[in-house]
Amino acid sequence: MRTIEHWIAGLETAGSGSRTGDVFDPAQGRPQAQVRLGTAEDVDAAVSAARAAFGPWSQTSLSARVRVLFAFRELVDRHTDELARVVSLEHGKTLDDARGEVVRGREVVDFACGIPQLLKGEFSDQVSSGIDSHSFRQPLGVCAGITPFNFPVMVPMWMHPVAIACGNTFVLKPSERVPGASELVARLYAQAGLPDGVFNIVNGDKDVVDALLGHADVDAVSFVGSTPIARYVHGRASESGKRVQALGGAKNHAVVMPDADVDFAADQLVAAGYGSAGQRCMAISAVVAVGQVADQLVQAVSSRTAAITVGAGTDSAAQMGPLVSAAARDRVLDAVDAGEKDGATVVVDGRELQVPDGADGFFVGPTLLDQVTTDMSVYTEEIFGPVLVVLRVGSLDEALDLVNANPYGNGTAVFTSSGEVARSFQRRVQVGMIGVNVPIPVPMSYHSFGGWKDSLFGDHHIHGPEGVRFYTRAKVVSTRWPHVREESLAHLNFPTAT
Ligand code: NAD
């Protein structure tokens, strides 16, 4: 069985560790590869390579940096199917869904190709007599990325193309459950002409994360994953003086108003709730039905839910694949059991699903629970599986109170035909990304992505303009060119403009 190794200084390497982990085929429920689990020495080797590469790369002209990114963009585009296949095999999502994530990741590379426009800085003429001011931004140094299993290509691409375009070097710690795509990305960067050491990978688990967080030569950490780990990463990285952005988990609500088009809303909810088996940080997991829309909506969602075809991600007939691991499957089954025990109505039950040729796969069928209340664990916990829960409220105000009381604030959506309701919702909801009749409002690469509250720790959203700010720091220069001695107005008072 093949072992997926680290990528340090332009070379595949086994590093110093002897531990490996299983990389599963979730549709078959058995290992398909091994991944090397790195050590603190491996992190040190990768950070040293990135540090050595930082000087020359940060001094490489903007035009030369951008040429590499354009070449990389073309290679990612050309290898979309190959990347998607690796994602589908390791994660379990359908091939079309995986292609979608590769495209959304590549769009961040598109954005990064325009970095000269974003690094132009600002200039003020004559801020005081004979003095001009300009500001510009410089790269930070060595940036680390720690990423989750659910978007093996896209989430790392939220980070490294922007960091690298800004002149930083990068060490990626991908999820140990889905390491294969990152290996291919490293090879594409090399083929695009990126100098050795600018992009590195250390595979592994907590040991690697802790070594990165404690490493004196890592300047910034971008993390995406679950909330408890995001909180931990933010705390540890901040303590050691690093810049850090840590994106956490989610519980995304879709509020459906009585004036919504119910069939349209049901189509969107089913797509957003069960796509990728609900393993998206922007998946809709809680439907808040307002007023008399509830019965009709539950009916419309349930008929669509029951019709979803589940199978291996590589099966072209499948609309939804398995969960990523046996533990994830068991967690989802337990959550549904608990919901039922707490009094929720199981409208569509995916617990007993049998998939042909997938007896050992990590499958759970799409599941719909109605009459859920905010005290039930099936609502309070992030399930991260193909489970939609319906809560019923009487008004928009009640819906907003419910959404705003939730500790997460990643994404939300409102389904309505009223501009007034939509405007009120977007102004009052305590959530970072909002859809109006759009169920998964993932911003395009030239906007930034980020939640509020327990869905993001740190000040910066990721990619887009905030990504550029995160991966750079500002300098402001005040310049005077005195050419006659008499111009010197220096005195001991604090200077003000003259
Ligand atoms: P996870 O938190 O288990 O793992 C994320 C990363 O942290 C992995 O690289 C993992 O190796 C590492 N890690 C895990 N446990 C650790 C520990 N104890 N100490 C140090 N590092 C550790 O998340 P996951 O299961 O891979 O991904 C799913 C989660 O990610 C969900 O909660 C989902 O909502 C969230 N997510 C959020 C966003 C977002 O943009 N906010 C995007 C995608 C996924």
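Two elements, α8 (206–214) and β11 (220–224), each supply at least two residues of the shell around the ligand. The model here is a predicted one, so please read every value below as computed from that prediction. The ligand has 26 residues around it, and the space it takes is the largest pocket. Beyond the ligand site, the structure holds 30 salt bridges, and a few backbone and burial details round off the tour.

**The ligand and its surroundings**

- Which residues come nearest to the ligand? They are Lys 173, Glu 176, Ser 226, Gly 248 and Glu 382, out of the 26 residues around the ligand.
- Glu 176 also makes a side-chain contact: one of its polar side-chain atoms lies 2.7 Å from an oxygen atom of the ligand.
- Phe 149 takes part through its backbone, where a polar atom is 3.0 Å from an oxygen atom of the ligand.
- Gly 225 uses its backbone as well, with an N or O atom lying 3.3 Å from an oxygen atom of the ligand.
- How much of the ligand does the protein bury? Taken alone the ligand exposes 840 Å², and the protein buries 88% of that.

**Salt bridges across the chain**

- As background, side chains of opposite charge can pair when their charged atoms come close.
- Arg 231 forms a salt bridge with Asp 454, and their closest N and O atoms are 3.4 Å apart.
- This pair links distant parts of the chain, 223 residues apart: Arg 231 sits in helix α9 (residues 227–239), while Asp 454 is in the loop between β21 (452–453) and β22 (456–457).
- Is Arg 231 buried or partly exposed? Arg 231 is partly exposed, because its relative accessible area is 43%.
- Asp 454 also counts as partly exposed, because its relative accessibility is 22%, and the buried class needs a value under 20%.
- Arg 428 forms a salt bridge with Asp 397, the closest N and O atoms being 2.8 Å apart.
- Here too the pair links distant parts of the chain, with Arg 428 in helix α15 (residues 419–428) and Asp 397 in helix α14 (residues 396–405), 31 residues apart.
- Arg 428 counts as partly exposed at 37% relative accessibility, and Asp 397 is partly exposed with a relative accessible area of 43%.

**A salt-bridge network**

- Which residues are joined into one network? Salt bridges that share partners connect Arg 73, Glu 74, Asp 77, Arg 106 and Asp 110.
- Within that group, Glu 74 forms a salt bridge with Arg 73, and the closest N and O atoms are 2.8 Å apart.
- The two partners fall into separate accessibility classes: Glu 74 counts as partly exposed at 37% relative accessibility, whereas Arg 73 is buried with a relative accessible area of 17%.

**Positive phi outside glycine**

- Gln 126 is not a glycine, yet it has a positive phi of about 55°.
- Gln 126 lies in strand β6 (residues 122–128) and counts as partly exposed, because its relative accessibility is 45%.
- Phe 384 is another residue other than glycine with a positive phi, near 55°.
- Where is Phe 384? Its place is in the loop between α13 (377–380) and β17 (387–393).
- Is Phe 384 buried or exposed? Phe 384 is buried, because its relative accessible area is 18% and the limit for that class is under 20%.

**Buried strand residues and their distances**

- Gly 411 belongs to strand β19 (residues 411–415) and counts as buried at 4% relative accessibility.
- Gly 411 and Ala 250 are 161 residues apart in sequence, and their C-alpha atoms are 7.6 Å apart in space.
- Ala 144 lies in strand β8 (residues 142–146) and is buried, with a relative accessible area of 1%.
- How many residues separate Ala 144 and Trp 158 in sequence? The two are 14 residues apart in sequence and 12 Å apart in space, C-alpha to C-alpha.

Note on methods:
Residues are numbered from 1 along each chain as its sequence is written. This is a predicted model: local features need pLDDT of at least 70, side-chain atom pairs count only at pLDDT 80 or more; totals for chains, interfaces and linings use all residues. Side-chain values use heavy atoms; hydrogens and water are left out. A salt bridge is a side-chain nitrogen of Lys or Arg within 4 Å of a carboxyl oxygen of Asp or Glu. Buried means under 20% relative accessible area, exposed over 50%, partly exposed in between (1.4 Å probe, protein chains only). Helices (H or I, at least four residues) and strands (E, at least two) are DSSP runs, numbered from the N terminus. A residue is near a molecule or strand if one of its heavy atoms lies within 4 Å of it. A polar contact is a pair of N or O atoms within 3.5 Å; within protein, one must be able to donate a hydrogen and the other to accept it, and residues adjacent in sequence count only if both atoms are side-chain atoms. Accessible areas come from the Shrake-Rupley method with a 1.4 Å probe; for residues, only the protein chains shown count as cover. On a 1 Å grid over the protein atoms alone, a cavity is a set of points where a 1.4 Å probe fits but cannot get out, and a pocket is an open set with protein on both sides within 12 Å along at least five of seven lines; lining residues have an atom within 4 Å of a point. A molecule sits in a cavity or pocket if more than half of its atoms lie within 2 Å of its grid points.
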